[in-house]
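New to this one? Take a moment to look it over, and then we'll walk through it together.

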Amino acid sequence: MEEKRLTGEKLYYTITYGCQMNESDTERINGQLEELGYKPAENMEDADIVIMNTCSVRQNAEEKVYGKIGEIKKLKEKNPHMLLGIAGCMAQENKGKLIERMPIIDFVMGPYHIHDLKDIITKETATGGHVVKTERNPHSVNDYSELHAVRKSKIFAWIPIMQGCNKFCTYCIVPYVRGREISRTIPDICGEIRQLAKEGYKEITLLGQNVNSYGLDFRNGTNFADLIRAIDEIDGIERVRYMTSHPRDMTFDMVDAMAASPKVVRHMHLPVQHGSNEMLRRMNRGYTIEHFKELLAYVREKMPDIAVTTDLITGFPGETEAMHEETLKLLEDLRFDSAYTFIYSPRTGTPAARMEDQIDDATKHRRLQELMDTENPISLALNKKMEGHTYEIIVEGPSKQDENHWYGRTSSNKMILFPHKEGIHVGDTVKAKVDLAQTWVLKGELVE
Ligand code: SAH
Ligand code: SF4
Ligand code: F3S
């Protein structure tokens with residue numbers, strides 16, 4: 001470590017929790033660090049600065065961060081010059097209280113302050129003081145175009161199209177930490193995508209808490225369908241993904257734009273959250289199961305080969321056994337390709353946390369298990385239908401378990417593992433035949 005100090009090389013280490021928006025923000029955080037001359041550290045122990053980009057959506061997301069801070073505390077005792085910064089949603093939510101509780105934290109920086117990072121490091125923490133930056137900044141959406149991102153991949157890129165959320169689902173902390181919806185303009189977004197296309201990127205994922213309300217804040221009629229149609233014109237980009245869709249704001253016109261697009265993938269993540277109208281009402285989701293079914297039927301009619309995934313919350317306050325069974329029945333009925341299931345986690349400050357009829361932990365865990373036991377065979381059955389068929393995939397790289405096996409994804413976002421062959425590189429668009437389908441992954445081989 002001393003040696004590095006002599007050569008003057010400064011190293012950084014960033015850790016990301018939470019959603020893809022945080023993954024994307026971390027890339028811009030890394031961009032700021034590299035502009036200051038920092039290089040990525042292989043191990044956290046070697047770093048001169050550690051930044052944790054945090055998530056507060058559920059209690060267990062926060063606990064992971066506190067655990068990690070404990071680990072860093074020991075490192076800092078050995079290496080007192082190391083700077084520790086907390087970024088992201090826990091920073092925004094807890095502000096200076098984080099430092100009061102854990103003085104080893106040097107700075108707290110909310111998601112609106114990535115553009116302040118250089119000053120925080122070079123000036124504000126230089127005298128050993130603590131820094132807290134969490135004021136709201138309605139212009140921070142411009143950061144996305146102005147701040148250089150150090151992207152993990154040369155093929156796949158995140159593109160934030162908006163910030164914040166206006167929905168205020170009663171369980172959710174996101175609108176409190178990420179503020180109101182602000183969209184980037186279509187020329188701004190397309191400018192970034194065009195540049196990426198020139199650099200050889202093939203697949204982009206448009207990010208927003210609720211992409212279907214993209215552009216509504218301009219109040220000039222702009223919407224997500226316009227954005228899709230504009231991106232369709234950009235040469236070089238093969239696939240356009242987007243997340244997350246919201247059943248309340250998705251219009252039939254948007255579905256038509258997706259169906260007509262040669263680039264928009266055949267995958268949609270459309271969280272339903274629950275199978276009971278009473279629960280949806282108490283969650284303030286703003287749609288009914290009937291509406292959801294009608295929308296999904298239209299999506300599947302226009303894009304018959306589409307894979308649809310969803311999110312479910314179990315154990316929301318007041319959930320009766322009968323309501324829980326409505327969710328199980330909905331899964332049987334709608335046959336999602338997969339469902340991400342979450343145990344309801346009360347978030348301080350949200351309306352649901354104050355509701356009276358909270359569900360006990362044992363019931364929540366049992367219901368979670370029942371959701372998974374219902375969904376997993378459905379996911380498997382849908383994957384089994386892919387056996388024997390050939391799909392176009394974009395190669396992502398070697399699998400973590402076995403470097404002789406590589407994987408790529410279909411347009412429907414299914415992962416196909418295949419034995420690696422010479423001459424196959426990350427980013428190649430190839431054809432793979434599925435031999436064996438499992439619940440979460442498909443095994444196959446490349447074909448001509
Ligand atoms: N904007 C996205 C969701 C972002 S959070 C949307 O509306 O679909 C991702 C998922 O976390 C949500 O879909 C929800 O299922 C889950 N979630 C959010 N808050 C939660 C909480 N307090 N407890 C449990 N799950 C929660
Ligand atoms: Fe949270 Fe609802 Fe907004 Fe999604 S739409 S981020 S669940 S408040
Ligand atoms: Fe978590 Fe913030 Fe994303 S709370 S889910 S990191 S917007």
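Below is a short tour of the domains, the place where two of them meet, and the surroundings of the ligands.

Keep in mind that what you're looking at is a predicted model. The domain assignment splits the protein chain into domain 1 (2–138), domain 2 (139–384) and domain 3 (390–447).

**Where domain 2 meets domain 3**

Let's start with this pair. Their C-alpha centres are 25 Å apart, and 18 residues of domain 2 touch 21 residues of domain 3. How much area do domain 2 and domain 3 bury between them? The figure is about 1,600 Å², with 52% of it on carbon and sulfur atoms. On the domain 2 side, the residues that lose the most area to domain 3 are F156, R239 and N383, which together make up 36% of what that side buries.

There's some polar chemistry here too. The rule picks out 1 salt bridge across the interface of domain 2 and domain 3, along with 13 residue pairs in polar contact. As for which parts of domain 2 do the touching, strand 11 (239–243) and helix 15 (361–384) each bring at least two residues to the side facing domain 3. Helix 15 gives the most, with 5 residues. Sort the residues on that side of domain 2 by class and you get 5 nonpolar, 5 polar and 8 charged.

One salt bridge to look up by name joins the side chains of D337 and K414, at 2.7 Å from N to O.

**Around ligand 1**

Now over to the ligands. Which residues are closest to ligand 1? They are R58, Q209, Q273, D311 and S345, out of 15 residues that surround this ligand. Here are some of the short distances between ligand 1 and the protein:

| Ligand 1 atom | Protein partner | Distance |
|---|---|---|
| oxygen | N or O atom in the side chain of D311 | 2.6 Å |
| nitrogen | polar backbone atom of S345 | 2.8 Å |
| nitrogen | polar backbone atom of Y171 | 3.0 Å |

So D311 takes part through its side chain, while S345 does so through its backbone.

**Around ligand 2**

Ligand 2 has its own set of neighbours. Among them are the cysteines C165, C169 and C172, together with K167, F168, Y171, H246 and R285. Sorted by class, the shell around ligand 2 holds 7 nonpolar, 2 polar and 2 charged residues.

A couple of names turn up twice on this tour. Q209 is one of the closest residues to ligand 1 and also belongs to the surroundings of ligand 2. Y171 has a polar backbone atom 3.0 Å from a nitrogen of ligand 1, and Y171 is listed around ligand 2 as well.

Note on methods:
Residues are numbered from 1 along each chain as its sequence is written. Chains are lettered from A and ligands numbered from 1 in the order in which they are written. This is a predicted model: local features need pLDDT of at least 70, side-chain atom pairs count only at pLDDT 80 or more; totals for chains, interfaces and linings use all residues. Side-chain values use heavy atoms; hydrogens and water are left out. Domain bounds come from an automatic or database domain assignment. Contact means heavy atoms within 4.5 Å. Buried area is the accessible area (1.4 Å probe) that two parts lose on being put together, summed over both. A salt bridge is a side-chain nitrogen of Lys or Arg within 4 Å of a carboxyl oxygen of Asp or Glu. A polar contact is a pair of N or O atoms within 3.5 Å; within protein, one must be able to donate a hydrogen and the other to accept it, and residues adjacent in sequence count only if both atoms are side-chain atoms. Helices (H or I, at least four residues) and strands (E, at least two) are DSSP runs, numbered from the N terminus. Ala, Val, Leu, Ile, Met, Phe, Trp, Tyr, Cys and Pro count as nonpolar, Asp, Glu, Lys and Arg as charged, and the others, Gly among them, as polar. A residue is near a molecule or strand if one of its heavy atoms lies within 4 Å of it.
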